[in-house]
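The following exercises concern one protein chain and are to be worked through with its sequence and three-dimensional structure at hand. Each task is followed by a solution in steps.

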Amino acid sequence: MHHSDHVGGLRELVARFVTPERRYLKLGGGLLGKSGPERALFARKLGEAAGEITPEELAVLLDEGGWRERKTAAWLIAVAGRSEFRERLGELLLASEGPYAGQAYCVALTTFATPGDASLLVTYLDRYLPRADLTYDQPRALGALLHLDNRLGTGYAARFLTPGGLWQQWTKLPPETANQEAEGLRAFIGQLHCAVQESAQHCATAPLSR
């Protein structure tokens, strides 16, 4: 396959899955502002797209795309429950090559909901919470880990939240405020997870129980 063919492939995938109705911009917090019919229609279209896109096409978006492609691919992976992408999303999260997509990787990992997903988030937090100079996806990753702890009945996040621990050092907030922030982040990721579940009802390939 010539390189030019591949770029065409990426362009076609972007036109089909990433840019319709500026989908890539609405995935995430923007989705939570929608309600009623508008949200239901968005969820249906996202679910149908997640059922339609193939694993090979998702890999092209992740490997050759920028943040828009990667963010959209991660949401489509989450909706379709394609946990075979777990390690790849973990690598992309850890690499932190660019902005805007990290939250989507965190949401996908919470959707797969296994201890393996939790350990990828722990690895990320261990690397980036000590870096008070870097504002990456530490809040999203902590919120995702707390959400997973809730679902799995585990306590992976506890050591980050101890008074004087890494989360407090990173936020530079007093302990109580830092913990309130963490709880708000857990709730936010939980709302995004609900949006994934709404879309999954319209995805032909999604696992039924999540």
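**Exercise 1. The largest pocket**

What volume does the largest pocket have?

Solution. The model is a predicted one, in which local features need a pLDDT of at least 70, side-chain atom pairs count only at pLDDT 80 or more, and totals for chains, interfaces and linings use all residues. Residues are numbered from 1 along each chain as its sequence is written, and side-chain values use heavy atoms, with hydrogens and water left out.

Step 1. On a 1 Å grid over the protein atoms alone, a pocket is an open set of points with protein on both sides within 12 Å along at least five of seven lines, whereas a cavity is a set of points where a 1.4 Å probe fits but cannot get out; lining residues have an atom within 4 Å of a point. Grid points are joined across faces, edges and corners, and a volume is the space filled by probe spheres set on the points.

Step 2. The largest pocket has a volume of about 240 Å³. It is lined by 15 residues, and the closest to its centre are Gly98, Pro99, Tyr100, Asp137 and Arg140.

Step 3. Sorted by class, this lining holds 5 nonpolar, 6 polar and 4 charged residues. Here Ala, Val, Leu, Ile, Met, Phe, Trp, Tyr, Cys and Pro count as nonpolar, Asp, Glu, Lys and Arg as charged, and the others, Gly among them, as polar.

**Exercise 2. The cavities**

Determine how many cavities of 30 Å³ or more there are, and which residues line them.

Solution. Step 1. The count comes to 2 cavities of 30 Å³ or more.

Step 2. The largest cavity encloses about 40 Å³. Its lining consists of Phe160, Leu161, Thr162, Pro163, Gly164, Trp167, Gln168, Pro175, Ala178 and Asn179. Helix α12 gives the most to this lining, with 3 residues; helices are DSSP runs (H or I, at least four residues) and strands are likewise (E, at least two), numbered from the N terminus. The lining has 6 nonpolar, 4 polar and no charged residues.

Step 3. The second largest cavity has a volume of about 30 Å³. Leu31, Arg39, Phe42, Ala43, Ala195, Glu198 and Ser199 line this second cavity. Two or more of these residues come from each of α4 (36-52) and α12.

**Exercise 3. Helix α8 and its surroundings**

How many residues of helix α8 are buried?

Solution. Step 1. Buried means under 20% relative accessible area, exposed over 50%, and partly exposed in between (1.4 Å probe, protein chains only). In α8 (residues 102-112), 11 of its 11 residues are buried.

Step 2. These buried residues pack against α3 (29-32), α6 (67-80), α7 (86-95), α9 (115-128), α10 (138-152) and α12.

Step 3. Ile189, in helix α12, illustrates such packing across the chain. Ile189 and Val107 are 82 residues apart in sequence, yet their C-alpha atoms are 6.7 Å apart in space. Not counting residues up to four places away in sequence, Ile189 touches Val107, Thr110, Arg140, Gly143, Ala144 and His147, where contact means heavy atoms within 4.5 Å. With a relative accessible area of 1%, Ile189 is buried.

**Exercise 4. Positive phi angles**

Which is buried and which is exposed: Ala113 or Glu21?

Solution. Step 1. Most residues other than glycine have a negative phi. Glu21, however, has a positive phi of about 50° although it is not a glycine, and the phi of Ala113 is near 55°.

Step 2. Glu21 is found in the loop between α1 (3-18) and α2 (23-26), while Ala113 lies in the loop between α8 and α9.

Step 3. Glu21 counts as exposed because its relative accessibility is 53%. Ala113 counts as buried because its relative accessibility is 16%.

**Exercise 5. A buried glutamate**

Where is Glu57 found, and which residues does Glu57 touch?

Solution. Step 1. Glu57 is found in helix α5 (residues 55-64).

Step 2. The relative accessible area of Glu57 is 18%, so Glu57 is buried.

Step 3. Beyond residues up to four places away in sequence, Glu57 touches Leu13, Arg16, Phe17 and Glu52.
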